[in-house]
Amino acid sequence: MTGAGGDPVEEGLIESLARPGGNVTGVTMLAGELSGKRLELLKEAVPKLARVAVLYDPAISITIKEVLPAAARALRLTLQPWEIRAADALGKVFVALNKQRPDGLYVLGPADRC
């Protein structure tokens, strides 16, 4: 099973991701849903984390609007979203980030689509 379209547990295809049961093996596309967990791991790695800059391409990522805000609230983190529409924008963003000095950086990619 790969890319079944949604959460295979919610769709009743398997019992759990840890123990799917039967002869089901493979991969699922839960990258967006796992973004909150990645933010939690960043907080665990940097206990004093309070402000997190988030770089994302609005054309491919809706995680910044749907998943990360809820996770950030639960972790008492402030997100600082930065749209990156083209590679040449990175220089300007990093200059601004250097002035703002966030505690962490989270970069969303194509896998973070929900």
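# Exercises on a predicted model

K37 is partly exposed, with a relative accessible area of 44%. The model is predicted. The exercises start from this residue.

## Exercise 1: K37 and its partner

Task: Find which side chain meets K37 in a salt bridge, and give the N to O distance.

Solution:
- Step 1. Start with the pair: the side chains of K37 and E40 form a salt bridge, at 3.4 Å from N to O.
- Step 2. Check the cut-off. A salt bridge needs a Lys or Arg side-chain nitrogen within 4 Å of a carboxyl oxygen of Asp or Glu. The 3.4 Å of K37 and E40 is the value to compare with it.
- Step 3. Place the pair. K37 and E40 lie three residues apart in helix α1, residues 35-45, so about one helical turn separates them.
- Step 4. Look at the cover. E40 is partly exposed, at 35% relative accessible area. K37 is partly exposed too, at 44%.
- Step 5. Add the general idea. Side chains of opposite charge can pair when their charged atoms come close.

## Exercise 2: The other salt bridge

Task: State how many salt bridges a search of the whole structure finds. Then describe the one that involves R85.

Solution:
- Step 1. The search finds two salt bridges.
- Step 2. One of them joins the side chains of E83 and R85, at 2.9 Å from N to O.
- Step 3. Classify E83. Its relative accessible area is 40%, so E83 is partly exposed.
- Step 4. Classify R85. Exposed means over 50%. R85 has 62% relative accessibility, so R85 counts as exposed.

## Exercise 3: A nonpolar patch

Task: Name the residues of the nonpolar patch on the surface. Then say which elements give two or more residues to the patch.

Solution:
- Step 1. The patch consists of L90, F94, L105 and V107. Together they have about 340 Å² of accessible area.
- Step 2. Two or more patch residues come from each of α4 (90-100) and β3 (104-107).
- Step 3. Take one residue. F94 sits in helix α4. With 41% relative accessible area, F94 is partly exposed.

## Exercise 4: The whole protein

Task: Give the order of the elements from the N terminus on. Then find what share of the residues is buried.

Solution:
- Step 1. Count: the protein has four helices and three strands.
- Step 2. Order them: α-β-α-α-β-α-β.
- Step 3. Of the 114 residues, 30% are buried.
- Step 4. Turn to the surface. The accessible surface is about 7500 Å², and carbon and sulfur atoms hold 55% of it.
- Step 5. Finish with contacts. Among those with a separation of 6 or more, 72% join residues 24 or more positions apart.

Definitions and conventions
Residues are numbered from 1 along each chain as its sequence is written. This is a predicted model: local features need pLDDT of at least 70, side-chain atom pairs count only at pLDDT 80 or more; totals for chains, interfaces and linings use all residues. Side-chain values use heavy atoms; hydrogens and water are left out. Buried means under 20% relative accessible area, exposed over 50%, partly exposed in between (1.4 Å probe, protein chains only). Contact means heavy atoms within 4.5 Å. Accessible areas come from the Shrake-Rupley method with a 1.4 Å probe; for residues, only the protein chains shown count as cover. Patches are made of residues with over 30% relative accessible area and no salt bridge: like charges are joined within 9 Å, nonpolar side chains (Val, Leu, Ile, Met, Phe, Trp, Tyr) within 5 Å.
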